[in-house]
Amino acid sequence: MKHEMTCPRCGNLEAISQDECNDWDEINCAECGEFITTCDLQLSLASRHYQMHTLSRSLDLLIAMSNDEIVAGSNQQRFEVAA
Ligand SMILES: [Zn+2]
């Protein structure tokens with residue numbers, strides 16, 4: 001089975017695995033044979049659930065960064081008033 005992923009060693013854009021992939025089977029670079037990942041990890045990374053999880057974490061980070069800016073901004077105002 002072919003997969004579209006970049007090899008970290010040679011930059012080739014095609015990887016291969018066995019046609020009937022077990023969770024623990026390897027996906028290797030089609031050019032140099034470098035181990036890239038396992039079939040189980042690749043399936044979970046490509047799943048809609050993982051993408052939603054990543055989006056959710058991104059939103060959490062944006063909210064946390066926004067709150068930090070608000071707190072930092074209010075601290076700065078307090079500092080300016082105190083100085
Ligand atoms: Zn490679």
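User: Among contacts between residues at least 6 apart in sequence, what share joins residues at least 24 apart in this protein?

Analyst: Such a share tells a reader how contacts are spread along the chain. In this predicted model, 15% of the contacts between residues at least 6 apart in sequence join residues that are at least 24 apart.

User: What is the mean pLDDT of the protein, and where is confidence lowest and where highest?

Analyst: Where pLDDT is low, the predicted coordinates should not be read in detail. Here the protein has a mean pLDDT of 85, with 84% of its residues reaching 70 or more. Confidence is highest in strand 3 (residues 26-29), at a mean of 96, and lowest in helix 2 (residues 48-82), where the mean is 77.

User: Which secondary structure elements does the protein hold, and in what pattern do they follow along the sequence?

Analyst: The protein has two helices and four strands, and along the sequence these give the pattern β-β-β-β-α-α.

User: In what order do the strands lie in the sheet, and which of them stand at the edges?

Analyst: The four strands form an open sheet with the order 1-2-3-4 and antiparallel pairing. Strand 1 and strand 4 (35-38) stand at the edges; each has a single partner strand, so one side of each lacks a neighbour in the sheet. From one strand to the next, the twist averages 35°.

User: How many bridges join strand 2 to strand 3, and which residue is the bridge partner of A15?

Analyst: Strand 2 and strand 3 run antiparallel and are joined by two bridges, and A15 has C29, in strand 3, as its bridge partner.

User: Which strands does helix 1 lie across?

Analyst: Helix 1 (residues 39-46) lies across strand 1, strand 3 and strand 4, and runs at about 70° to strand 4.

User: How should I read a single residue such as T6: where is it found, and why does it count as partly exposed?

Analyst: One can take its place in the chain, then its surroundings. T6 is found in the loop between strand 1 (2-4) and strand 2 (14-16). T6 counts as partly exposed because it has 13 C-beta neighbours inside 10 Å, whereas a residue is called exposed at 12 or fewer and buried at 20 or more. Leaving aside residues up to four places away in sequence, T6 touches G11 and L13. The C-alpha atoms of T6 and I36 are separated by 8.5 Å, although these residues are 30 apart along the chain.

User: What percentage of the residues in the protein is buried?

Analyst: Of the 83 residues in the protein, 5% are buried.

Methods: Residues are numbered from 1 along each chain as its sequence is written. This is a predicted model: local features need pLDDT of at least 70, side-chain atom pairs count only at pLDDT 80 or more; totals for chains, interfaces and linings use all residues. Two residues are in contact if their C-beta atoms, placed from the backbone, lie within 7 Å. pLDDT is the predictor's confidence in each residue, from 0 to 100. Two strands pair if DSSP finds at least two bridges between them. Axes are lines fitted to C-alpha atoms, for helices over the stretch in contact, and angles run from 0 to 180 degrees between N-to-C directions.
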